[in-house]
Amino acid sequence: MKITLAKLSTKDLATLAQRIIVASDSGKYDIISGHPLLSEVKTIYADYDVVYTKSTFSGKGNDVARADRDRDISFRAFKNYVNAYRKMPLLPNYQLAEELFQIFLRYDLSLDKMSYSSQTARMKKLVEDLEKPENIQKLNALSLFPTFEDMKSKQNAFEQIFAGQAEANANLRNMKSASAIRRDLEKTLKSYLNLISAMKEITGWELLYAEINELVKAAKNSTIADH
């Protein structure tokens with residue numbers, strides 16, 4: 001029962017390990033039930049099954065980009081309205097719009113073109129400034145409080161999604177690599193197959209050997225078929 005496990009594809013190695021576990025755990029072979037080496041195969045296979053198809057990144061990039069686009073749209077609409085209002089001296093309270101516009105200038109009119117982190121830092125400061133009581137009064141006087149609240153909520157939503165992406169990516173990077181777990185699985189499977197091969201002449205082991213040997217042959221054939 002010889003096989004070079006390293007030659008198996010990622011999927012074929014997983015399939016072989018799973019089939020060996022199912023066959024060994026079927027209840028037909030008391031001689032292997034509860035064996036510590038079988039338990040080790042099952043433990044390492046469970047780890048391998050989790051990581052061998054895992055993505056390098058969280059896949060949340062599209063959600064982050066969409067949240068960033070939403071806050072950009074809200075920011076620009078708010079800024080452009082205030083800018084236009086301050087230029088119309090015949091409108092009531094136009095001077096309040098001028099005062100609000102100066103706050104936008106303080107944090108850069110093009111902050112929506114900045115990197116995620118730079119934009120977030122400035123947007124947080126902009127929101128904090130606009131939330132001051134005297135500025136809330138100006139927003140209410142210009143009927144702009146709902147517009148401000150929309151921008152604030154879009155900014156908060158972005159921060160939550162971005163933080164979720166950062167956490168997910170960090171968790172993925174901290175997971176033991178699939179290649180490292182594969183080496184562990186190959187080593188343990190080899191030891192398990194060697195055990196069964198060594199015991200094949202002993203009563204009770206011959207049937208287990210025969211079944212596992214067929215699984216190994218199928219795995220070897222899958223490698224040949226791939227080529």
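Let's start with K79, which lies in helix 3, the helix made of residues 61–86. Please keep in mind as we go that this is a predicted model.

Is K79 buried or exposed? K79 is buried, and yet it has no salt bridge. The nearest side chain of opposite charge belongs to D112, at 4.6 Å. That pair does not count as a salt bridge because the cut-off is 4 Å between a side-chain nitrogen of Lys or Arg and a carboxyl oxygen of Asp or Glu. So who does touch K79? Leaving aside its neighbours within four places in sequence, K79 is in contact with F101, F104 and L109.

Let's stay in helix 3 for a moment, with another charged pair. D68 forms a salt bridge with R71, and their closest N and O atoms are 3.0 Å apart. Why are these two separated by about one helical turn? Because they are three residues apart in helix 3. And both partners are buried: D68 is, and so is R71.

Now let's step back to the whole chain. Which kinds of secondary structure does it have? The chain comes to nine helices and zero strands. Reading from the N terminus, you would simply say "alpha" again and again: α-α-α-α-α-α-α-α-α. Of the 227 residues in the chain, 35% are buried. And here is a number I like about contacts. If you take those between residues at least 6 apart in sequence, 73% of them join residues at least 24 apart.

Next, helix 1, which runs over residues 10–24. Helix 1 has 15 residues, and from its first C-alpha to its last it reaches 21 Å, close to the 21 Å expected at 1.5 Å a residue. Which residues of helix 1 are buried? They are D12, L13, A14, L16, A17, I20, I21, A23 and S24.

Helix 1 has a packing partner, helix 2, which covers residues 36–51. The two pack at an angle of about 145°, and their axes are 10 Å apart. The crossing of helix 1 past helix 2 is left-handed. If you would like to find this meeting place in the structure, look on the helix 1 side for T10, L13, A14, A17, Q18, I21 and S24. Facing them from helix 2 are L38, V41, K42, Y45 and Y48.

K42 comes up again in our next topic, salt bridges. Side chains of opposite charge can pair when their charged atoms come close. How many salt bridges are there in this model? The count comes to 16. In one of them, the side chains of D25 and K42 meet at 2.9 Å, N to O. This pair links distant parts of the chain: D25 sits in the loop between helix 1 and helix 2, K42 sits in helix 2, and they are 17 residues apart. D25 has a relative accessible area of 41%, so we call it partly exposed. K42 is also partly exposed, with a relative accessible area of 29%.

Another pair is K125 with E128, whose closest N and O atoms are 3.9 Å apart. K125 and E128 are three residues apart in helix 5, residues 116–130, so about one helical turn separates them. There is also a network, in which salt bridges that share partners join R76, D112 and K113. You met D112 earlier, as the nearest opposite charge to K79.

Just after helix 5, have a look at E131, in the loop between helix 5 and helix 6. E131 has 33% relative accessibility, so it counts as partly exposed. E131 and F148 are 17 residues apart in sequence, and their C-alpha atoms are 9.1 Å apart in space. Setting aside neighbours within four places in sequence, E131 is in contact with I136, F148 and K152.

Finally, two residues with backbone angles worth a look. Most residues other than glycine have a negative phi. N93, though, has a positive phi, near 65°. You will find N93 in the loop between helix 3 and helix 4, and at 31% relative accessibility it counts as partly exposed. S143 is not a glycine either, and its phi is positive too, at about 60°. Where is S143? Its place is in the loop between helix 6 and helix 7. With 59% relative accessibility, S143 counts as exposed.

That's my tour, and I'm happy to go back to any part of it.

Methods:
Residues numbered from 1 in each chain as written. Predicted model: local features only at pLDDT ≥ 70, side-chain atom pairs only at ≥ 80, totals over all residues. Heavy atoms only, no water. Helix = DSSP H or I, 4+ residues; strand = E, 2+ residues; numbered from the N terminus. Expected span 1.5 Å × (residues − 1). Buried < 20%, exposed > 50% of the residue type's maximum accessible area, 1.4 Å probe, protein only. Lys, Arg positive; Asp, Glu negative; His and termini not counted. Contact = heavy atoms within 4.5 Å. Axes fitted to C-alpha atoms, helices over the stretch in contact; angles between N-to-C directions. Left-handed = near helix turned anticlockwise from the far one by under 90°.
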